[in-house]
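Trainee: I have a structure to read and would like to know how its labels are justified. Can we go through them one at a time?

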Amino acid sequence: MIKFREKEKIVAVKRRHYMVFVLDLLPVLIIFLFLGGALLYFLFFGLPEQLASITNNYFDLKKEELVFHSVFSFLIATLFLWNLSFVIITKHYLDYWIITDRRTIHVELRLFFSRFYSSIYHDKIQDTTVDVRGFLPTIMNYGNMKIQTAGAFKKFIFQQIPDPHETKRILFEESSKYSKIKNNHE
Amino acid sequence: MTEKLILLIFLGAVVFSLLISVIVFYHFKKFMLKDDNLGPKILKIFIIGNITILFLTFLSLLFIII
């Protein structure tokens, strides 16, 4: 879990837009629908003769038994797809950007058991740019927001976040407040 | 021969599902933000779905064996 500084307040938490997540899950959904369609076909019309004869060469099964085997195979495939979906969901959910009243934190799950963590204080921000590119990002209002920093870690990118312009405004507001507080202390 | 193979596939699926569940749980519990309401709900859906599919698979396995 991320450790925050004393009295540090979370202002906003940003994750990738849900459309990105839907697009990531789309291939899994298509495979599931294809398998479901094939299973329904087998249940209503039986296995096609050719497929049944090929399977019989290996397992010596009756046509009715093959239907049960089709259901079993479909459920095994569904279990695999279900787990795969949640691997994608975990990856999606545990990648996030946090804007606090002092800094911006990026937490990314690159692979399982491999995490990337970085943060920049708001007084190090030099420039922010918003990049909304493409048909879907434009109508769904999501895109990238790049932060140019003064430190060794030059660029900080919020990827495919919802409403990047509003995020830029929040970040600008917070960095102005933080800079003022810091200047008063000095 | 076929029954043994199917049983082996089922056991493999159970082990696979358990392994993924442990990994997903570990990451959620460790890296979820404090006061996160959605994370536990996602985990609940994941586990309920996994158990349901495993149960249905087990039923279809029984139909094949019996």
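Trainee: Why is B:Val14 called partly exposed?

Mentor: First, note that this is a predicted model. The relative accessible area of B:Val14 is 23%. Buried means under 20% and exposed means over 50%, so B:Val14, at 23%, falls in between and is partly exposed.

Trainee: Where in chain B is B:Val14 found?

Mentor: B:Val14 belongs to helix H1 of chain B, which covers residues 2-31. Measuring C-alpha to C-alpha in the model, B:Val14 and B:Ile65 are 18 Å apart in space, with their positions 51 residues apart in sequence.

Trainee: What makes A:Ile125 buried?

Mentor: The relative accessible area of A:Ile125 is 19%. The cut-off for buried is under 20%, therefore A:Ile125 counts as buried.

Trainee: Which residues is A:Ile125 in contact with, leaving aside its neighbours within four places in sequence?

Mentor: They are A:Ile120, A:Ile147, A:Gln148 and A:Leu171. A:Ile125 itself lies in strand S5 of chain A, residues 125-131. A:Ile161 is 36 residues from A:Ile125 in sequence, and their C-alpha atoms are 19 Å apart.

Trainee: What is notable about the phi of A:Asn141?

Mentor: Phi of A:Asn141 is near 60 degrees, a positive value, and the residue is not a glycine. Most residues other than glycine have a negative phi. A:Asn141 sits in the loop between helix H4 (135-140) and strand S6 (142-149) of chain A.

Trainee: Which other residue has a positive phi although it is not a glycine?

Mentor: A:Gln160 has one, of about 50 degrees. A:Gln160 is placed in strand S7 of chain A, residues 155-162.

Trainee: How do you know whether A:Asn141 and A:Gln160 are buried, exposed or partly exposed?

Mentor: By relative accessibility: A:Asn141 has 31%, and A:Gln160 has 31%. That value is not under 20% and not over 50%, so A:Asn141 and A:Gln160 count as partly exposed.

Trainee: What is chain A built from?

Mentor: Chain A has five helices and seven strands. Their order from the N terminus is β-α-α-α-β-β-β-β-α-β-β-α. Of its 186 residues, 40% count as buried. The area that chain A exposes is about 11,100 Å², and carbon and sulfur atoms supply 62% of it.

Trainee: How many of the contacts in chain A with a separation of 6 or more come from residues 24 or more positions apart?

Mentor: Such residues account for 55% of those contacts.

Trainee: How many residues does each chain bring to the contact between chain A and chain B?

Mentor: Chain A brings 29 residues and chain B brings 36 residues. The two chains bury about 3,000 Å² between them, 81% of it on carbon and sulfur atoms. On the side of chain A that touches chain B, helix H3 (63-93) and strand S2 (96-100) each supply at least two residues. The largest share there, 16 residues, comes from H3(A). By class, that side has 23 nonpolar, four polar and two charged residues.

Trainee: How many salt bridges does the rule find across the interface of chain A and chain B?

Mentor: Zero. A pair would need a side-chain nitrogen of Lys or Arg within 4 Å of a carboxyl oxygen of Asp or Glu. Polar contact is a separate matter: the rule finds five residue pairs across the interface, both residues at pLDDT 80 or more.

Methods
Residues numbered from 1 in each chain as written. Chains lettered and ligands numbered in written order. Predicted model: local features only at pLDDT ≥ 70, side-chain atom pairs only at ≥ 80, totals over all residues. Heavy atoms only, no water. Contact = heavy atoms within 4.5 Å. Buried area = accessible area lost by both parts, 1.4 Å probe. Polar contact = N/O pair within 3.5 Å; in protein donor to acceptor, adjacent residues only side chain to side chain. Helix = DSSP H or I, 4+ residues; strand = E, 2+ residues; numbered from the N terminus. Nonpolar A, V, L, I, M, F, W, Y, C, P; charged D, E, K, R; others polar. Buried < 20%, exposed > 50% of the residue type's maximum accessible area, 1.4 Å probe, protein only. Areas by Shrake-Rupley, 256 points an atom, 1.4 Å probe, with all protein chains shown as cover.
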